[in-house]
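Trainee: I should like to work through this model with you, one question at a time. May we begin with the charged side chains and then turn to the chain as a whole?

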Amino acid sequence: MSRFVDDIRKAIRDGRLQKRFRGADVREACPGWAEQTYTNFLPKHRLGNPGGYTPYFKQHTDGSYSLIS
């Protein structure tokens with residue numbers, strides 16, 4: 001699993017990040033990653049992504065994301 005996803009899981013567990021989040025929320029809760037990670041990783045690894053990448057997130061109709069178990 002990705003270290004970035006591990007950071008997101010930990011931030012949710014620690015209460016620094018809500019269960020539904022956006023890239024800007026992750027940037028605040030999990031600092032230290034390359035800027036493009038916050039904008040590219042979530043959509044790249046969402047359920048149904050066109051590239052066939054491992055899905056870690058569900059994208060909701062409001063544009064937010066949540067982890068899939």
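Trainee: Is Arg27 buried, partly exposed or exposed?

Mentor: Please bear in mind that this is a predicted model. The relative accessible area of Arg27 is 30%. Buried would require under 20% and exposed over 50%, so Arg27 is partly exposed.

Trainee: With which residue does Arg27 meet in a salt bridge?

Mentor: In general, side chains of opposite charge can pair when their charged atoms come close. For the side chain of Arg27, the N to O distance in the salt bridge is 2.8 Å. The partner has a relative accessible area of 46% and is partly exposed. That partner is Glu35.

Trainee: Which residues are linked with Asp14 in a network of salt bridges?

Mentor: Asp14 takes part in a salt bridge with Lys10, where the closest N and O atoms are 2.8 Å apart. Asp14 also forms a salt bridge with Arg16, with the closest N and O atoms 3.5 Å apart. The residues linked with Asp14 in the network are therefore Lys10 and Arg16.

Trainee: What is the relative accessibility of Asp14?

Mentor: Its partners in the network can be considered beforehand. Lys10 counts as partly exposed at 39% relative accessibility, and Arg16 counts as partly exposed at 43%. Asp14 also counts as partly exposed, and its relative accessibility is 42%.

Trainee: How many salt bridges does a search of the whole structure find?

Mentor: Among them are the pair Arg27 and Glu35 and the pair Lys10 and Asp14. Another is the pair Asp14 and Arg16. The search of the whole structure gives a count of four.

Trainee: In what order do the elements of the protein chain run from the N terminus?

Mentor: The secondary structure comprises three helices and two strands. Helix H1 covers 3–13, while H2 covers 23–29 and H3 covers 35–44. Read from the N terminus, the order is α-α-α-β-β.

Trainee: Is Gly15 buried or exposed?

Mentor: Gly15 is placed in the loop between helix H1 and H2. Its C-alpha atom is 9.3 Å from that of Ala29, a residue 14 positions away along the chain. The relative accessibility of Gly15 is 54%, and the cut-off for this class is over 50%. Gly15 therefore counts as exposed.

Trainee: What distance separates the C-alpha atoms of Ala34 and Ala11?

Mentor: Ala34 lies in the loop between helix H2 and helix H3, and at 41% relative accessibility it counts as partly exposed. Ala34 and Ala11 are 23 residues apart along the chain. Their C-alpha atoms are separated by 17 Å.

Trainee: What radius of gyration does the protein chain have?

Mentor: The C-alpha trace spans about 30 × 25 × 20 Å along its principal axes. For 69 residues, a compact globule would have a radius of gyration near 11 Å. The value for the protein chain agrees with this, at 11 Å.

Trainee: What percentage of the accessible surface of the protein chain belongs to carbon and sulfur atoms?

Mentor: Buried residues make up 33% of the 69 residues. The accessible surface comes to about 4400 Å². Carbon and sulfur atoms hold a share of 48%.

Trainee: How far apart do the centres of the positive and negative side chains lie?

Mentor: The protein chain has 12 positive side chains and 7 negative ones. Each set has its own centre, and the two centres lie apart by 6 Å.

Conventions: Residues are numbered from 1 along each chain as its sequence is written. This is a predicted model: local features need pLDDT of at least 70, side-chain atom pairs count only at pLDDT 80 or more; totals for chains, interfaces and linings use all residues. Side-chain values use heavy atoms; hydrogens and water are left out. Buried means under 20% relative accessible area, exposed over 50%, partly exposed in between (1.4 Å probe, protein chains only). Helices (H or I, at least four residues) and strands (E, at least two) are DSSP runs, numbered from the N terminus. The radius of gyration is taken over C-alpha atoms; the globule rule is 2.2 Å times the number of residues to the power 0.38. Accessible areas come from the Shrake-Rupley method with a 1.4 Å probe; for residues, only the protein chains shown count as cover. Lys and Arg count as positive and Asp and Glu as negative; His and the chain ends are not counted. The place of a charge is taken as NZ of Lys, CZ of Arg, CG of Asp or CD of Glu.
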